[in-house]
Amino acid sequence: MILTVLILLGIGLAVHTCAMHGLGILAGLLLALGYTLAFIIVFLLLVALLSVFIRIDRPADRRTRFYLWLMTNIVQVGMFLMRVRVEVTGRELIPRDTRFLLVCNHRTIFDPVLTMACLSEFTLAFISKKENFKIPIVNKIMHMCFCLPLDREDNRAAVKTINEAVELLDENIVSMGIYPEGMCNKTAAPLLPFRNGAFKIAQKARVPIVISVIENTENILKNFPWKPTTVALKILEVLPYDSEHRGQTKDVSEHVWPVMYRELVKHYPDAQQEDTPAFPAPEDAGSGPAQQQ
């Protein structure tokens, strides 16, 4: 929405300038681009100014969705500047009458913000590693969007984060997203082993699990600024709370991991094997919360 307004303002001001000074089409196009970029810079500066007044030592206001709306627009502006387009498939599978836990693979820092923005109608927040909450401006917007920090070194703090996520789901504030791999996948493998503790959120909150994958975000920085990037966000399946696979968290992992793997291996053919490999048991045996990166 804001991006559209900024583009229209840039075009409108360019048309006005050309009409006033009798400039040609080429000059008008350059002016439209320049004015649009100038308006975008002003918008981002206003966001930075607004963040000065946000205190992360206080709980986010649960009565408003303003910052979720603002974050979506910031991401859309960023996608425009970096020439990123996201194609979402399977959106119709996502439940609209209940909150849910979304699980996805994780390859870059772009994954959560793109997912939140592209599924903005579902008011989605993510659990993220605590280090991300030290980034100026970003940490404050994340806090106000109900994203939660996860301390990978402190199991007690991690359990507290899990309980906070359950509370947000129970109170119908947001749906939650988490990466059961526990870290960014920097390997050639399509999918890392899961940390089963990620599924405890859905277990405690009694909500469905939305199984998804995201592809090609690792090429955003590689392509910028010379090439556009198309990212695929795919909703594969929704696992209801009363599903036969919703027993122990390990049972959930053993169902979800192959579903995601079979889809991801299509995008990463170099890692393809003749058959889907057996579910790889994580080192922590599924007892602790998932780590995030």
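These are my notes on the cysteines, the core and the biggest pocket of a predicted model.

Ground rules first: I number residues from 1 along each chain as its sequence is written, and side-chain values use heavy atoms, with hydrogens and water left out. As the model is predicted, local features need pLDDT of at least 70 and side-chain atom pairs count only at pLDDT 80 or more, while totals for chains, interfaces and linings use all residues.

**Cysteines.** I looked for disulfides (a pair of cysteine sulfur atoms within 2.5 Å) and found zero. Why is Cys 118 not bonded to Cys 104? Their sulfurs are 12 Å apart, too far for a bond, and Cys 104 holds the closest cysteine sulfur to Cys 118. I also checked Cys 147: it is in no disulfide, and the nearest cysteine sulfur, in Cys 145, is 5.9 Å away. Cys 118 counts as buried at 14% relative accessibility, and so does Cys 147 at 7%. Here buried means under 20% relative accessible area, exposed over 50%, partly exposed in between (1.4 Å probe, protein chains only).

**Core.** Next I asked which members of the largest nonpolar core touch the most others. Among its 82 residues, they are Leu 102, Met 176, Ile 201 and Val 256. Such a core is a set of buried Ala, Val, Leu, Ile, Met, Phe, Trp, Tyr and Cys residues joined through side-chain atoms within 4.5 Å. I followed Val 256 further: beyond neighbours within four places in sequence, it is in contact (heavy atoms within 4.5 Å) with Val 103, Phe 194, Phe 199, Ile 211 and Leu 239.
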